[in-house]
Amino acid sequence: MARLVLLSEGLTGRSYELKTEKTTVGRVSDNSFEIPEASVSSHHAELHLRGNEVLVKDLDSTNGTFINGEKVSEAVLKPGQILRLGMVEMRLETGEAAAAMKKQVLDQTRVIPQGVKLDDLDGTRTPLDFKKTGFEKKSNRGATAFLWAAIFVGVLLVAALIYLATSK
């Protein structure tokens, strides 16, 4: 039996079995398959079961109907293809397609190498110093040098002002 499996965030895992010849999809509750999402039009599309094929017909929706990223007004949706209504994506699955996709996913499984274990380090770690918290006072050599330079310049300015005031 064909079914639509929602893939979009917030709707993931939700699905709808295509049991009747005609299924209406849209945002409002009078549709056969209601998708309460703002980008989906009130009456977005119709899905027609014709044997093993699913015909998708756009109902002049605001945000469009897409199959595998290509905008369509009427097209056949094949198992495994992605149907997008507005911003909501879903995949058509049948019994055979689901088994094939599961096998494909399993065939792509890779072994991820395990990280380094503490025992493998053989004492190359630096010992932890629990006396330090990370909030120790830092060296203020730069700030001290700036302070002495500012005092020196200040004294020179005061001396220059006194000299200028007394020389008149």
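Two strands pair if DSSP finds at least two bridges between them. Keep that in mind for the exercises below, which all concern a predicted model.

**Exercise 1. Which residue in β11 stands opposite Arg3, and over how many bridges do β1 and β11 pair?**

Step 1. Start with the two strands: β1 covers residues 3–6 and β11 covers residues 88–93.

Step 2. Apply the cut-off: pairing takes at least two bridges, and these two strands have four, in the antiparallel sense.

Step 3. Now find the partner: Arg3 faces Glu93 in β11.

**Exercise 2. What is the strand order of the open sheet with six strands, and which are its edge strands?**

Step 1. Walk across the sheet and you meet β2-β1-β11-β10-β7-β8, with antiparallel pairing.

Step 2. Look for strands that pair on one side only: these are β2 (15–17) and β8 (70–72), the edge strands.

Step 3. Add the twist: on average, neighbouring strands of this sheet are turned by 30° against each other, direction ignored.

Step 4. Put the sheet in context: the protein has eleven strands and two helices, and along the sequence the pattern reads β-β-β-β-β-β-β-β-β-β-β-α-α.

**Exercise 3. Is Ser61 buried or exposed, and which side chain does the side chain of Ser61 join in a polar contact?**

Step 1. Locate the residue: Ser61 sits in the loop between β6 (53–58) and β7 (65–67).

Step 2. Compare with the cut-off: Ser61 has a relative accessible area of 12%, and buried means under 20%, so Ser61 is buried.

Step 3. Check its polar partners. The side chains of Ser61 and Asp58 are joined by a polar contact of 2.6 Å. A polar atom of the Ser61 side chain also lies 3.2 Å from the backbone nitrogen of Gly64.

Step 4. Look further along the chain: leaving out residues up to four places away in sequence, Ser61 touches Ser41 and His44.

**Exercise 4. Why does His48 count as buried, and what does His48 touch?**

Step 1. Find His48 in strand β5 (residues 45–50).

Step 2. Use the 20% cut-off again: His48 counts as buried because its relative accessibility is 18%.

Step 3. List the neighbours: with residues up to four places away in sequence left out, His48 touches Glu21, Lys22, Glu53, Val54 and Leu55.

Step 4. Add the polar contact: the side chains of His48 and Glu46 make one at 3.0 Å.

Step 5. Finish with the whole protein: of its 168 residues, 27% are buried.

Terms used
Residues are numbered from 1 along each chain as its sequence is written. This is a predicted model: local features need pLDDT of at least 70, side-chain atom pairs count only at pLDDT 80 or more; totals for chains, interfaces and linings use all residues. Side-chain values use heavy atoms; hydrogens and water are left out. Buried means under 20% relative accessible area, exposed over 50%, partly exposed in between (1.4 Å probe, protein chains only). A polar contact is a pair of N or O atoms within 3.5 Å; within protein, one must be able to donate a hydrogen and the other to accept it, and residues adjacent in sequence count only if both atoms are side-chain atoms. Contact means heavy atoms within 4.5 Å. Axes are lines fitted to C-alpha atoms, for helices over the stretch in contact, and angles run from 0 to 180 degrees between N-to-C directions.
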